[in-house]
Amino acid sequence: MINILNIISLLSIGVGVTQSFYMQKTIHGTYSRTSTTAVTSCLKHIIQENFINPGFLVLACPKEPSAKIFNIRRDVLKFLHKTEKYAVEITNPDDIPIFNNNVNINIEFWSFDPFNFTPTADYFLIILDNYEDFTYIARKIIRSRFWNPQAQFIIILFQLNNTDTNNKRTAERILSCLFKFNVVNVIICIPSMKNVLNTLIYSWQPYDPPNFCGHFNETAENRTIVLNYCENGKVKYVNDLWINKLPLDMQGCTLRILALERQPFVSINKFDPNIEKWLINLLFKKFNFSVEYEIINAFRGERNEKGLWNGALKELSARKGHILLGGIFPDYDVHEDFECSSSYLSDSYTWIVPRAYPSPPWVSLHIIFQNLVWFSAIAGFITCVLTWVFLGHLSKDSNYNQSFGHCFLNTWLCLLGLVAYVRPNKESLRVFFVFLNLYCIIFLTAYQTKLIDMLQNPSFQDQIDTVEKLLQTDLKIGGSEELHDLFYNSTDPFDQLIDKKWITISNMTKAMHDVAVNRNLSVLCSRFELVHLSSVLPELSDSNGHNNYYAFPLNAFSVPLEIIALRGFPFIREISRDLNKYKQLGINAKVRNYFNVLSMRKRSRLVNTSKIEGKFYALSVQHLQGGFFALAVGAFGGLIVLIFELLSTTTYTSRQRQLKGK
């Protein structure tokens, strides 16, 4: 009897436990469905009120979502397609988490997936069960081409097994992780454990100066707040969930700038022009940043086949600074992987070659006039001689003014500025004689004036002034590494010829020395940099201030300058707006004028010093070589004529004697 009662008692307990289990499961299912409905309604309301502009929306969730995540995604997708405002792409997690549970570890710069034509996202919607799912999803979206840290992020963390405090800690870890990739505009929606119909909306202020300046090691720990909450599926308070993320006054927070040491844009010497530093200091003065420069003696950097960068961009990728500058012009690869500001200033590049050797000094005696002028002068001289003879005969002037030989000699004397041996007697010939002397004075004055200028500024032999002529020489061709891409990636056969002779130049000062002094190199150089180097390097100028190099008058290309930052640098848009305002206000022109005036002053002092310290170069025999040649021709011609005269005189005398003897 007792055994029967025990069995009945055990059966009753088992039935009670089973009923209790199914009742708890039913309650939990109802609890989950109610919370799912509330979260979905809250999410729709947030999207409707905040995602105002049409755009590209990325929806991310686990690869094998739970039933509640699946239901939220399904309902949200129906809502999004019904609005017809968003282009939606669904993405799945990566196979590798972005990092371990330790939030404070150093995160490397992940290379992106191969390029595709997907636009960058305007909105991100991420639905999660737990933090572990986030680590896989985050790595996938950050490495995708649609990644845009400046987009608006909504993250749904649907955890019903933790307390509100634990959920808040998870939100802090998510916010801290995203901030390491410059994500600022993010909210995290988590159902409240006290009331499943309410959804708490968490966020934080990553920039909270002067204590928190947005450095890479700062986290959201103990800084996350409940920004708002949803009640019965609607946001309780009407406000912008992404407002006031960037303070207007950074209260002296340090902004670390990586700067390429490149003249005249950036220099470690404060007395150099530093035109780009001057402009950037003015730019960040508005935000009340304390600017700190790290000067890097390297080139900008290039991307290899694996998508990794070298040079200064490698330092920026490693988060050793916030922005990079230093005479950097736009580049397609850079724009793919980094954030870039609006353009400012502008720079032109041209080919610099050795200046041609000076012409022999005696050449200056005959290259003063063009050939047409010389031919005209000769024709005019002959005309004047014939006119003098013609007028002498018609006016019945003296035999001297009618003789061709004497008229020729007098015209020659007038042309040289000398006095004629016998002046005309008749008035008609005197009038001609006066105007002939006036013509000769003008001609001789012009010749002497230009001759003095030519002796001071000698002419040069055939100058290399086109790229075609340059390629026909034995000169090496070079420039910076980033300029090499223009020819390396080109399919033009002419560019490929340049690529074969190209050498990378890291020190433009030494390169210009090779151009002007060693005469074994040609460089593709910035005109800004060329003007600066000419104002500080004495070997680039002669004693008269003329260049010892030749710059092609036509530019190879012209480019603007820009600032490079990591993807999502939050101040880049405000910087770009200010740069556009500066261009409209003429700040760029002011910077250029300041640089030009400073360079002219430096070069004038440099030339004056070289004149004082240099040697005095007197005229040499070569300068008068043409005159000596004319003198030699005259002496030789006179000797030949003398011989003929002697012979003719001797022959005539002997004949006279013979006639007298007969």
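This report walks through two sheets, the annotated membrane spans and one cavity of a predicted model.

Residues are numbered from 1 along each chain as its sequence is written, and side-chain values use heavy atoms, with hydrogens and water left out. Because the model is predicted, local features need pLDDT of at least 70 and side-chain atom pairs count only at pLDDT 80 or more, while totals for chains, interfaces and linings use all residues.

**The two sheets**

Helices (H or I, at least four residues) and strands (E, at least two) are DSSP runs, numbered from the N terminus. Two strands pair if DSSP finds at least two bridges between them.

Eight strands make an open, mixed sheet in the order 2-1-3-4-5-6-9-10. Its edges are strand 2 (86-91) and strand 10 (234-235), each pairing on one side only. Inside it, strand 1 (residues 55-60) runs parallel to strand 3 (residues 123-128), joined by four bridges; V58 has F124 as its bridge partner in strand 3.

The other open sheet, also of mixed pairing, has five strands in the order 12-11-13-21-14. Strand 12 (290-296) and strand 14 (339-340) each have a single partner strand, so one side of each is left without a neighbour in the sheet. Strand 14 meets strand 21 (residues 564-565) in the antiparallel sense over two bridges, with E339 opposite A565.

Helices touch both sheets, as the table shows. Contact means heavy atoms within 4.5 Å; axes are lines fitted to C-alpha atoms, for helices over the stretch in contact, and angles run from 0 to 180 degrees between N-to-C directions.

| Helix | Strands touched | Angle |
|---|---|---|
| Helix 2 (residues 67-83) | strand 1, strand 2, strand 3 | about 155° with strand 2 |
| Helix 4 (residues 164-179) | strand 3, strand 4, strand 5, strand 6 | about 160° with strand 5 |
| Helix 5 (residues 275-285) | strand 11, strand 12, strand 13 | about 155° to strand 12 |

**Membrane spans and a cavity**

An unreviewed UniProt entry places "transmembrane region" at residues 372-391, 403-422, 429-447 and 628-647; such annotations may be inferred rather than shown by experiment. Residues 429-447 are 100% helix, with end C-alpha atoms 27 Å apart, whereas residues 403-422 are 60% helix, with ends 12 Å apart.

A cavity is a set of points on a 1 Å grid over the protein atoms alone where a 1.4 Å probe fits but cannot get out, and its lining residues have an atom within 4 Å of a point. The whole structure holds three cavities of 30 Å³ or more. The second largest has about 50 Å³ of space, a volume being the space filled by probe spheres set on the points. Among its lining residues are F381, T411 and Y439. Helix 10 (427-456), helix 8 (371-394) and helix 9 (404-415) each give two or more residues to this lining, and helix 10 gives the most, with four.

How values were computed:
1 Å grid on protein atoms, 1.4 Å probe; cavity = no way out; pocket = protein on both sides within 12 Å on 5 of 7 lines; lining within 4 Å.
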